[in-house]
There are 2 protein chains.
Amino acid sequence: MARKFNVAVFGATGAVGREMVKVLDYRNFPINTIQLYASENSAGKRARLRNGELVAGRNGLRERNYFGTMQDLHDGGISIQSADSADMRNIDIALLAISRSWSSANAERMAEHCLVIDNSSAFRYRDDIPLVIPEVNPDAVCDARLIANPNCTTAIAALPLWQLHRNFGGLTRVSIATYQAASGAGNKGTTELREGTLAALEGRDYDYKVFQHPLAFNVIPHIDEFQENDYTREEMKVVWETRKIFGDISPRISCTCARVPVERVHSEDISIETGLPFSLEKAVNLFEAAYGIKVCDSPLDNLYPMPLTAAGKYDVEVGRIRRDLASIDPERSLKFWVSGDQLLKGAALNAVQIAEIAAGIYK
Amino acid sequence: MARKFNVAVFGATGAVGREMVKVLDYRNFPINTIQLYASENSAGKRARLRNGELVAGRNGLRERNYFGTMQDLHDGGISIQSADSADMRNIDIALLAISRSWSSANAERMAEHCLVIDNSSAFRYRDDIPLVIPEVNPDAVCDARLIANPNCTTAIAALPLWQLHRNFGGLTRVSIATYQAASGAGNKGTTELREGTLAALEGRDYDYKVFQHPLAFNVIPHIDEFQENDYTREEMKVVWETRKIFGDISPRISCTCARVPVERVHSEDISIETGLPFSLEKAVNLFEAAYGIKVCDSPLDNLYPMPLTAAGKYDVEVGRIRRDLASIDPERSLKFWVSGDQLLKGAALNAVQIAEIAAGIYK
């Protein structure tokens with residue numbers, strides 16, 4: 001009989017953590033026990049899956065049954081414990097969707113006892129820790145005990161970029177402009193967008209705390225901290241992580257990251273050049289054959305990737321595929337548009353896929 | 001005494017037409033009489049300027065005084081006439097912000113009697129008709145009787161692009177991704193965004209007619225019709241018009257145009273390469289010295305161009321100025337972000353500035 005695992009989700013009530021629980025459930029991950037951990041306010045509550053959504057209510061601690069099964073989550077629910085109280089000896093696989101500082105302080109110690117897959121940026125740039133997108137570099141998982149999950153914008157772009165990189169003599173230039181959703185800033189980001197938008201429609205002021213400026217009916221070209229080179233950290237993550245995951249520092253990559261008034265799904269306008277010429281047809285065929293990509297490219301039917309259609313989907317939508325008219329050699333160029341659910345392929349789904357590789361069940 | 005003009009605005013109650021009346025007023029254009037024309041529903045109403053906004057109410061035709069002064073517009077208002085009823089012999093300058101088909105059918109005949117400045121795309125690509133951005137090619141106005149006003153996305157980008165093109169050995173590559181506002185599709189676009197957003201927040205369906213898909217909390221990478229090369233007409237306008245206005249077909253230009261849930265102001269992420277190397281400082285100095293540009297670039301103060309700050313402003317905001325890390329020669333590259341009010345510099349302001357050139361009062 002195949003092995004079953006004691007799986008723990010840290011940050012289980014956050015935007016990504018909730019999706020991790022749902023994805024584990026939907027993909028029938030072989031779970032013996034599931035444990036939910038969270039920081040601050042959520043610990044002590046009781047969580048259950050209702051209509052496929054993880055909801056957290058009161059009075060969890062009274063019963064103290066924080067080792068549940070997926071079925072328990074569908075029935076009465078299980079208690080959420082404080083992340084700091086976790087006993088790693090009871091965990092086989094820990095999925096971390098908690099703060100970067102918590103991961104920095106705890107993940108390596110945890111990894112002495114169990115497999116840790118960390119969604120924060122704490123370990124992504126350490127040479128001794130693999131950064132993995134299963135469709136790109138599954139072998140990097142190997143026997144690592146601590147694995148970093150990539151930035152959402154990077155993961156979504158990487159699926160089509162990898163097809164071009166590996167098949168057409170390597171990417172030489174990659175230029176990206178993003179249209180990123182509020183939920184990239186967590187549940188609070190979504191709440192601010194909705195409340196702020198309603199306030200704007202009613203002509204009321206609204207006090208934004210998550211975003212630097214009002215996001216309702218606005219675009220904010222600023223995500224994460226500015227670096228010395230005047231790119232934001234979010235923009236540089238795409239550069240650093242794409243190169244590390246592809247195992248190739250040669251692509252020249254630049255990115256502008258902007259927050260738009262969208263609840264869920266990051267979109268990206270991507271222009272690339274490759275080392276070798278290729279046919280448009282070949283590129284489209286590669287995208288269509290690639291796992292994790294859905295080609296949505298029928299302009300005359302008004303069909304192209306959008307947040308509206310990509311939300312909640314595991315596949316990244318790719319469309320608007322055409323030559324880049326700004327390229328000096330159009331035959332080595334491509335311009336396309338990607339929309340991907342940044343909470344799924346950009347975070348939770350990718351983390352669970354890594355767990356599947358480690359568990360020997362990734363298909 | 002300086003000459004005063006009989007000015008007529010066609011499409012006066014549309015998103016651009018309203019702004020034309022406001023801009024004429026604000027810039028004290030030397031007006032003898034002002035006449036407002038519109039198609040369909042608005043003709044027959046009475047229009048006045050109230051708190052700087054042009055509003056149209058009932059019962060205009062009863063008084064038939066459709067030759068008013070700016071003061072009349074501030075006081076009791078003047079009547080709006082049907083565009084088809086206009087007598088060109090009473091007009092010195094006609095500003096057209098009406099449909100492309102109406103312009104196609106009427107503008108050349110009108111130009112036999114008066115100066116016509118057309119905001120539609122009907123004449124922009126005719127070799128014998130100037131396409132003018134006053135900060136770039138004011139001399140093209142010359143003694144033309146019919147002048148085309150550029151596409152909004154083109155006009156906003158052109159101000160900073162021109163500084164780079166003329167000073168650094170010409171632009172060789174220009175790559176643009178846009179974040180375009182709902183009002184680019186007219187007043188109905190704004191209404192759909194607001195009504196559709198409220199419906200989305202309340203969980204109701206909403207029937208979109210202007211946009212191809214729901215715009216609330218969505219991004220639509222599709223503006224205007226698709227062309228044979230899989231670019232949209234909106235995207236190709238930027239290519240065609242920038243080259244014509246700059247009088248130089250050598251820049252390789254490509255663009256992706258996307259509609260975002262913003263009421264007003266187009267933003268653009270722009271990456272360029274030039275023929276000659278230049279210092280970042282020189283580029284910033286040129287932007288700061290240029291008429292029509294406001295440099296907003298203090299990242300650590302969270303200061304960069306946004307719809308929120310650029311709305312209602314004559315200047316185009318330019319910021320996020322940095323080298324393009326994807327360029328093979330960073331010293332010849334720049335990446336920056338532009339937000340500009342597409343109803344003003346992208347349309348009404350540019351048209352009035354052209355009229356000012358023709359009237360000999362452009363500064």
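In the predicted model, C142(B) is located in the loop that joins β7 (115–118) to β8 (146–148) of chain B. The phi angle of C142(B) is near 40°, a positive value in a residue other than glycine. C142(B) counts as exposed, because 11 C-beta neighbours fall inside 10 Å and the limit for exposure is 12 or fewer. A comparable backbone feature occurs in chain A at N28(A), which has a positive phi of about 55° and is not a glycine. N28(A) is placed in the loop between α1 and β2 of chain A. With 9 other C-beta atoms within 10 Å, N28(A) is exposed.

Chain A contains 9 helices and 14 strands. Its C-alpha atoms occupy a box of roughly 65 × 60 × 45 Å along the principal axes. The radius of gyration of chain A is 21 Å, which agrees with the value near 21 Å for a compact globule of 363 residues. Of the 363 residues in chain A, 59% are buried. Among contacts in chain A with a separation of 6 or more, 67% are made by residues 24 or more positions apart.

One sheet of chain A is open and has 8 strands in the order β4-β3-β5-β2-β1-β6-β7-β8, with mixed pairing. Its edge strands are β4 (53–57) and β8 (146–148) of chain A, each of which pairs on one side only. Neighbouring strands of this sheet are turned against each other by 30° on average, with direction ignored. Helix α3 (residues 100–110) of chain A packs on the sheet and touches β6, β7 (115–118) and β8 of chain A. The direction of α3 makes about 155° with that of β7(A).

Within this order, strand β1 (residues 5–10) of chain A lies between β2 and β6. In β1(A), 5 of the 6 residues are buried, so the strand is largely enclosed by the rest of the structure. The pairing of β1(A) with strand β2 (residues 31–38) of chain A is parallel and extends over 6 bridges. Within that pairing, T33(A) in β2(A) is the bridge partner of N6(A). The connection from β1(A) to β2(A) passes through helix α1 (residues 15–26) of chain A, and this β-α-β crossover is right-handed. Strand β1(A) is also joined by 4 bridges to strand β6 (residues 93–96) of chain A, and these two strands run parallel. Here A94(A) in β6(A) is the bridge partner of A8(A). Toward the β4 edge, strand β3 (residues 46–50) of chain A is joined to β4(A) by 5 bridges, and the two run antiparallel. In this pair, R50(A) stands opposite E53(A) in β4(A).

A further open sheet of chain A consists of 6 strands in the order β10-β9-β11-β14-β13-β12, and its pairing is mixed. The edge strands are β10 (252–256) and β12 (293–295) of chain A, each pairing on one side only. The twist from one strand to the next averages 25°. Strand β13 (residues 316–322) of chain A and strand β14 (residues 333–340) of chain A run antiparallel and are joined by 4 bridges. In β14(A), S339(A) stands opposite E317(A). Helix α4 (residues 152–167) of chain A lies across β9 (171–179), β11 (266–274), β12, β13 and β14 of chain A, and runs at about 30° to β11(A).

G346(A) belongs to helix α9 (residues 344–358) of chain A. G346(A) counts as buried because 28 C-beta neighbours lie inside 10 Å. Apart from neighbours within four places in sequence, G346(A) is in contact with C152(A), A155(A), I156(A), H266(A), G340(A) and D341(A). G346(A) and E19(A) are 327 residues apart in sequence, and their C-alpha atoms are 11 Å apart in space.

Between the two chains, 51 residues of chain B are in contact with 50 residues of chain A. On the side of chain B that touches chain A, two or more residues each come from β9 (171–179), α5 (187–201), β10 (252–256), β11 (266–274), α8 (307–310), β13 (316–322) and β14 (333–340) of chain B. The element that gives the most is β9(B), with 5 residues. By residue type, this side of chain B comprises 28 nonpolar, 13 polar and 10 charged residues.

Terms used: Residues are numbered from 1 along each chain as its sequence is written. Chains are lettered from A and ligands numbered from 1 in the order in which they are written. This is a predicted model: local features need pLDDT of at least 70, side-chain atom pairs count only at pLDDT 80 or more; totals for chains, interfaces and linings use all residues. A residue is buried if 20 or more other C-beta atoms lie within 10 Å of its own, exposed if 12 or fewer, and partly exposed in between; C-beta atoms are placed from the backbone. Two strands pair if DSSP finds at least two bridges between them. A crossover is right-handed if, with the strands pointing away from the viewer, the path from the first strand over the helix to the second runs clockwise. Two residues are in contact if their C-beta atoms, placed from the backbone, lie within 7 Å. Ala, Val, Leu, Ile, Met, Phe, Trp, Tyr, Cys and Pro count as nonpolar, Asp, Glu, Lys and Arg as charged, and the others, Gly among them, as polar. Axes are lines fitted to C-alpha atoms, for helices over the stretch in contact, and angles run from 0 to 180 degrees between N-to-C directions. The radius of gyration is taken over C-alpha atoms; the globule rule is 2.2 Å times the number of residues to the power 0.38.
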